[in-house]
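This report looks at pairs of charged side chains and at where the paired residues sit. Please view the sequence and the structure first.

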Amino acid sequence: MRFLPCFLFLLLASCGPAPENVTDANAPLIDSATIDRHLAELASDRYGGRLPFSEGETLTLDYLETELQALGLSPGNGKGYRQEVPMIEIIGTSAETIEIKAKGKNLLWKLGADYMTYSDKAQEENIVTQSDMIFAGFGIVAPEYGWNDYEGLDVKGKTVVVMVNDPGYYTEDTTLFKGKEMTYYGRWDYKYAEAARQGAAACLIIHEKGAAGYPWFVVESSWSGTRLTLEEDGSPKLDLAGWITLDAARKLFATTRPDVTGWFGLATKPGFTAIPLNTQLNTWAKNELRRDKSNNIIATLPGATRPEEYIVYTAHWDHIGVGPAVNGDSIYNGALDNASGTSQLLAIAEAYTKLPEPPARTVVFLFVTAEEQGLWGSDYYVRNPIFPLAKTVANINIDGINPIGPAKDLTITGLGHSEMDDLAETEAKAQGRYVQADPEPEKGYFYRSDHFNFAKAGIPVLYATGGYEHATLGRDYAKGKQDEFVATRYHQPSDQYAPGDWPLGGAVQDGELLFKLGLGLANGEGWPKWDRGSEFYRER
Ligand SMILES: [Zn+2]
């Protein structure tokens, strides 16, 4: 999820252009009461944090189906609204401690305090024994940037220890990768996949709050307990993947040589050579496996004249369920993340049903599962699309509304990838707002929600909300709210909601923008193009 905003339908109604195709030009297109109602419901304790396969999934699917049916939207998968997503549920147990064998004195790490490990292998016992550890810099192989941390390195059966993010982040050298903006190479999922391709047994990523984009407790809560993955796709997997704290890394490196800061510096320099740590990893991860099917929910408004071309809206319905209690509360309600986006999308869907006639192209409302566990629902959809990807015009994704009220900005995460930016800017201007790039591109939000799977599949995407400059209270106020959310609520039981809790003006403002943008595409004939400089560039 990410935290972004916008509101002002009052302002919009007075200064924005009259919405086309709407009977009453003064009626708000997106109803804040609708968002409030859905949000309070989906974020309530009854839904148990909406973990896939749980009772919370059953309740969520039933709720979405009932609401979409009531809106008169068509089932998106033949006669039904559900797309089954076959997955493996992994209930992982990791060693409580890890003893690192080093020359001199051994090192003892404690689970949670120093590391989080797991295995994504669909097998019950995953053991790493006497695996030589090696510091492999960022663990990146990026030919287009002339970068290869694995150059001349044989890591078969070994444990690679790597830094999070990419060299551009640390140096802020804009000629190095994308400077401060995180590339896909900076992501944990890339690093594990690359280490597995290289034949490593294990990969441990060194957590650093700024570079990762979130504090350690997010690692702890996200990588403990139950995990999900799609059925085996034949790609190589590590025996063990994990994270270690910066402090654990310091202690580890100190067993060989104490100058950790120096090592990090070296790793950011082209031509860096991996450093053997002269230590060995011995540990295990046990998996209890359960195969089950989760579900995406899909509804459509069939196009009037070109029904075989598609605009796909997405919002993930899932969150992380029940976890360790914080202040006596163990339900991770995921109100902002992403009951809010789900509710906003329901409100957008409702706005489409109020059009006097459906738009030319088909509009698809796709509520995906298992985003939190690895963007699996959207991944599965893109691998098994109900509607041909070649006929899919664009994807508009919502993951978290702006919960602080109307905004002056529309902040686009991943600005500079496609013409979707221009369309968004046109709509933003009509609302009296300006467009800006994500001010924290180092956090890699572009790779952290479902639009990413569409982008990888060649479909231009938009992932945008307001919320960095409150319409009347300004930037500092907005930043304070954001920082507070990330520090105290993000992926915590305190991400919860009761009716009326948040000013929903921002969600209305963004909802209108996303509705109009999608409607424009749905009534047009255009195919937004990729920018040449995008790593996802494709001819369309
Ligand atoms: Zn989310």
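E309 has a relative accessibility of 14% in this predicted model. Because buried means under 20% relative accessible area, E309 counts as buried. Its partner in a salt bridge is R361, with 2.8 Å from N to O. R361 is buried too, and its relative accessible area is 0%.

The two residues come from distant parts of the chain. E309 belongs to strand 14, which covers residues 306-316, while R361 belongs to strand 17, which covers residues 361-368. Along the sequence they are 52 residues apart. The pair is also part of a network of salt bridges, in which R306, E309, R361 and E525 are linked.

Side chains of opposite charge can pair when their charged atoms come close. How many salt bridges does the structure hold? The number is 25. Three of the pairs are described here, and the table lists them with their N to O distances.

| Acidic residue | Basic residue | Distance, N to O |
|---|---|---|
| E309 | R361 | 2.8 Å |
| D120 | R227 | 3.2 Å |
| D483 | K479 | 2.8 Å |

In the pair of D120 and R227, the closest N and O atoms are 3.2 Å apart. D120 lies in the loop between strand 5 (115-118) and strand 6 (125-135), and R227 lies in strand 11 (residues 226-230), so the salt bridge ties together parts that are 107 residues apart in sequence. Are these two residues buried or exposed? Both D120 and R227 are buried.

The pair of D483 and K479 is found within one helix, helix 14. Their closest N and O atoms are 2.8 Å apart. Why are D483 and K479 separated by about one helical turn? The reason is that they are four residues apart in helix 14.

Partly exposed residues fall between the cut-offs of 20% and 50% relative accessible area. D483 counts as partly exposed because its relative accessibility is 38%. K479 has a relative accessibility of 47%, so K479 also counts as partly exposed.

Helix 14 spans residues 474-488 and also contains G480. With a relative accessibility of 35%, G480 counts as partly exposed. How far apart in space are G480 and I140? From C-alpha to C-alpha the distance is 34 Å, and in sequence G480 and I140 are 340 residues apart.

Key:
Residues numbered from 1 in each chain as written. Predicted model: local features only at pLDDT ≥ 70, side-chain atom pairs only at ≥ 80, totals over all residues. Heavy atoms only, no water. Buried < 20%, exposed > 50% of the residue type's maximum accessible area, 1.4 Å probe, protein only. Salt bridge = Lys/Arg side-chain N within 4 Å of Asp/Glu carboxyl O.
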